[in-house]
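Work through the exercises below with the model open. Each task is followed by a solution in steps.

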Amino acid sequence: MRRREFIKTIGAAGVTGTAAMLATVSVSAAPSRPKVVVVGAGYGGATAARYLRLWSNGGIDVILVEPNASFISCPLSNLVLGGSKQLDDLTLGYDALVRRHGIELVRDRAERIDAAKRIVRLAGGRQLAYDRLVLSPGVDFLLDGLPGLNAPDAQDTVLHAWKAGTQTVALRRRLEAMEDGGSFVMSIPPAPYRCPPGPYERACQVAHYFSRAKPKSKVIVLDGNEDVVSKGALFKRIWAERYKDIIDYRPSFRAADVEAKTHTVISELGDEVQGAVLNVIPPQSAAAIAVQTGLANSNRRWCAVDFLSFESTQEKNIHVLGDAIQTAPLMPKSAHMANQHAKICAAAIIDIFAGRAPEQKPMLTNTCYSYVSDKDVIHVTSVHAYDAEKKTLIAVPGAGGVSAAASGLEGFYAGVWARNIWADTLL
Amino acid sequence: MPSLRMLAVSIWLAGAAAPALTAMAAEPDLAGRRLYANCAACHGTDGRPAGNAGSSGRSGEGSLPPLAGQSRQQLIASMQAFKAGERPATIMHQIAKGYTDEQIALIAGFLANQKKQEAQ
């Protein structure tokens, strides 16, 4: 059946007249099914793999490359620090992608991409050929601006917990072990970084935990930005109302170094802040595989893409998704965005394989919920539409906004969001 | 520059597999399906929310009413009420304002044609 449709398609391609050239050459190239390799099974990559299969009715072969055994959600991982969730609650398997959607899952790390030959080389030695590559590699940390983190064992002492997993659990244990009266010191990098409201949610979660278990303790927030980057008015109001004597917010504190032994963060002005528990979130860039492939062509940090397809502006046949891209204005680096990038990309790849130009009017929506306690939540949302003249995604004027106040009702919706985006990504 | 883009596509096709995907062009709800995909993170893939059918294994925590299989008119009326600020909401009034009447009709048309979620 598929074979017959396929032959019909070749015939149709010949008469649609996109270009005479198309008819003449596609015959010689015909036999194999299109193959997409997806690198990275986080919110972007797993969604792309799943939607490529769903929307092509299984007509595209998809190989998904991921070194981790399971998916651990960064969204909601601050609740592990607050104590109302366990890491297990945020951990999901990849088996449905294989069993239900027919994706080939390869548990390995992509080591090198040969864009000219269209081959991905894996750490385990296997080579994967592709027609199109979808790269959703996430971020890596830039440690050059924090020399002390390169000292031996410094990175085991000073945790980031900015990739959900063992560091999240380790940071929670340190908070539990900390004596009452101590301080938790968190350093936030200058924007752009993964999850703009995340550090401020984290401050709420640790403060919430302290308010219940260690009331004499403090949360000191050293922000590399001049002001709270996301939901600023809401967060500051909530801190004043709920965590007045706990959270000490210090804007424009650009961390220039860290001394792991003494648990000290040093600003570029030479100010030193010491804490019982240190949490330094370093500046970030697109992950190493993207940088090494030459795709990080925006300030050598982020990967510029064509927003109609999320194809790299640097290399043909490679699409980049998620936190690794150079975003359009007002587009956050969020899990929700990565999930949306993936669908525009999947639709475009299907269009391209079918001999059509990618859809010209893509839209995407972002919603980020932040837990300000174990139950109460605030949101920020925005809607983005492609602007053909400006060739970028523009936040639709008049749409989007933030919560009026934190509420348990939004806490319920945040739970709904998590369950549905996990299912939309993985199940 | 659509013509250049088409040319680029053609040139690309010259060097690779041409699959059985053109049939999808005829799918009547294609535009609605793709637009709806923006909503799936809260309302579930194709309008069938997780947790309602027990597929997530985390049932009992509540979910949103399934949109799949609702009538087109009802869905359009809901979205327009959100858009006009006439229906109370935490977030939908802000999101609905980002979509044109035509886009809302496409999304509603797609959802109305989806099979209702089977109760567990």
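**Exercise 1: Two hairpins and a sheet**

In the hairpin of β7(A) and β8(A), 4 residues lie between the strands, and A:G125 has a positive phi near 105 degrees. The model is a predicted one.

Task: Find which residue takes a positive phi in the hairpin of β6(A) and β7(A).

Solution.
- Step 1. Locate the strands: β6 covers 110-114 of chain A, and β7 covers residues 119-122.
- Step 2. Look at the turn, where 4 residues lie between the strands.
- Step 3. The residue is A:R118, with a positive phi near 55 degrees.

Task: Work out how β6, β7 and β8 of chain A are ordered in their sheet, and which strands stand at the edges.

Solution.
- Step 1. Take the β6(A) and β7(A) pair: the strands are antiparallel and joined over 4 bridges. One bridge partner of A:D114 is A:I119 in β7(A).
- Step 2. Take the β7(A) and β8(A) pair, which is antiparallel over 3 bridges. Here A:I119 has A:A129 in β8(A) as its bridge partner, and A:R121 stands opposite A:Q127.
- Step 3. Put the pairs together: the 3 strands make an open, antiparallel sheet in the order β6-β7-β8 of chain A.
- Step 4. β6 (110-114) and β8 (127-129) of chain A each have a single partner strand, so they stand at the edges and one side of each has no neighbour in the sheet.
- Step 5. Ignoring direction, neighbouring strands in this sheet are turned by 20 degrees against each other on average.

**Exercise 2: One residue in a helix**

Task: Decide whether A:A338 is buried or exposed, and find what it touches.

Solution.
- Step 1. Place the residue: A:A338 is in helix α11 of chain A, residues 335-353.
- Step 2. Apply the cut-off: a residue is buried if 20 or more other C-beta atoms lie within 10 Å of its own. A:A338 has 27 C-beta neighbours inside 10 Å, so it counts as buried.
- Step 3. List the contacts, leaving out residues up to four places away in sequence: A:G42, A:Y43, A:G44, A:S136, A:L321, A:G322 and A:D323.
- Step 4. Take one of these contacts, A:Y43. A:A338 and A:Y43 are 295 residues apart in sequence, but their C-alpha atoms are 5.8 Å apart in space.

**Exercise 3: Two domains**

Task: Describe where domain 1 of chain A meets domain 2 of chain A.

Solution.
- Step 1. Set the bounds: the domain assignment gives domain 1 as 32-141 + 285-361 and domain 2 as 148-282.
- Step 2. Compare positions: the C-alpha centres of the two domains lie 30 Å apart.
- Step 3. Count the contacts: 19 residues of domain 1 are in contact with 22 residues of domain 2.
- Step 4. Find the elements: on the domain 1 side, α4 (78-82) and β10 (139-141) of chain A give two or more residues. The most come from α4(A), with 5 residues.
- Step 5. Sort by class: this side of domain 1 has 10 nonpolar, 7 polar and 2 charged residues.

**Exercise 4: The whole chain**

Task: Find how the radius of gyration of chain A agrees with that of a compact globule.

Solution.
- Step 1. For 427 residues, a compact globule would have a radius of gyration near 22 Å.
- Step 2. Chain A has 23 Å, which agrees.
- Step 3. Add the extent: along its principal axes the C-alpha trace spans about 75 × 45 × 40 Å.
- Step 4. Add the burial: 54% of the 427 residues in chain A are buried.

Conventions. Residues are numbered from 1 along each chain as its sequence is written. Chains are lettered from A and ligands numbered from 1 in the order in which they are written. This is a predicted model: local features need pLDDT of at least 70, side-chain atom pairs count only at pLDDT 80 or more; totals for chains, interfaces and linings use all residues. Domain bounds come from an automatic or database domain assignment. Two residues are in contact if their C-beta atoms, placed from the backbone, lie within 7 Å. Ala, Val, Leu, Ile, Met, Phe, Trp, Tyr, Cys and Pro count as nonpolar, Asp, Glu, Lys and Arg as charged, and the others, Gly among them, as polar. A residue is buried if 20 or more other C-beta atoms lie within 10 Å of its own, exposed if 12 or fewer, and partly exposed in between; C-beta atoms are placed from the backbone. Two strands pair if DSSP finds at least two bridges between them. Axes are lines fitted to C-alpha atoms, for helices over the stretch in contact, and angles run from 0 to 180 degrees between N-to-C directions. The radius of gyration is taken over C-alpha atoms; the globule rule is 2.2 Å times the number of residues to the power 0.38.
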